[in-house]
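The following exercises concern the architecture of a single chain. Please examine the sequence and the model before turning to the solutions.

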Amino acid sequence: MTGATTPRSGASPRPFILSYAPYYEHTFLIPTYSFLNATQLKDQFIASLPSPFADHPDEFESTAELVARFMGFVAEKFENEGEGEDVLFLVVSEFEARFLRGNEVHGMVSELDGNIEKKKGIKHQGCWC
């Protein structure tokens, strides 16, 4: 059968590309059983952003911020609509492994060029981190 998913093929990872072209791109490995859901969430997320080519080339400061904002988008979808729990788990795991690498978020943010939160006027739990 074409398109059939077996337990073994359903868990096989597929490359999933999150991009804000031409500036930032990150590839995740997503199990086949979550790929459609992840793709739909990605499309909704990208549609919510301004065009990267026009007036907003600096929408993100880094690939880490792109992934973090996608993670926030998926978390909000899950909280409000109960959708995307599997994708949220995968994105959080990827973010922790790839960008935090065992550090707390404040350490990662301090390494970014510029200070994103100050630029956007966001205060996080009493600090401008």
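Four exercises follow, each with a worked solution.

The model is predicted: local features need pLDDT of at least 70, side-chain atom pairs count only at pLDDT 80 or more, and totals for chains, interfaces and linings use all residues. Residues are numbered from 1 along each chain as its sequence is written, and side-chain values use heavy atoms, with hydrogens and water left out.

**Exercise 1. Secondary structure**

Determine how many helices and strands the chain has, and in which pattern they follow.

Solution. Helices (H or I, at least four residues) and strands (E, at least two) are DSSP runs, numbered from the N terminus. The chain has six helices and two strands. Along the sequence, their pattern is α-β-β-α-α-α-α-α.

**Exercise 2. The nonpolar core**

Identify the residues with the most contacts inside the largest nonpolar core, and the elements that supply it.

Solution. A nonpolar core is a set of buried Ala, Val, Leu, Ile, Met, Phe, Trp, Tyr and Cys residues joined through side-chain atoms within 4.5 Å. Buried means under 20% relative accessible area, with a 1.4 Å probe and protein chains only. The largest such core has 26 residues, and Phe45 and Phe70 have the most contacts inside it. At least two residues each come from β1 (13-20), β2 (24-31), α2 (32-47), α3 (63-81) and α4 (85-100). Beyond its neighbours within four places in sequence, Phe70 is in contact (heavy atoms within 4.5 Å) with Phe16, Leu18, Ala38, Leu41, Lys42, Phe45 and Val91.

**Exercise 3. Packing of α2 and α4**

Establish how the axes of α2 and α4 cross and which residues make the contact.

Solution. Axes are lines fitted to C-alpha atoms, for helices over the stretch in contact, with angles from 0 to 180 degrees between N-to-C directions. The two axes come within 9 Å and cross at roughly 85 degrees. Therefore α2 is roughly perpendicular to α4, a class covering 65 to 115 degrees. Tyr33, Ser34, Asn37, Ala38 and Leu41 of α2 meet Asp86, Val87 and Leu90 of α4.

**Exercise 4. Aromatic pairs**

Classify the ring pair of Phe16 and Phe28.

Solution. Rings of Phe, Tyr and Trp (its six-membered ring) pair if their centres lie within 6.5 Å; planes under 30 degrees apart count as stacked, over 60 as edge-to-face and the rest as tilted. The structure holds six aromatic pairs. For Phe16 and Phe28, the centres are 5.8 Å apart and the planes stand at 55 degrees, so the pair is tilted. Phe16 lies in strand β1 and Phe28 in strand β2, so the pair ties together parts 12 residues apart in sequence. Both Phe16 and Phe28 are buried. Ring pairs link Phe16, Phe28, Phe35, Phe45, Phe70 and Phe73 into a cluster.

Key:
Buried < 20%, exposed > 50% of the residue type's maximum accessible area, 1.4 Å probe, protein only. Parallel < 35°, antiparallel > 145°, perpendicular 65-115°, else oblique.
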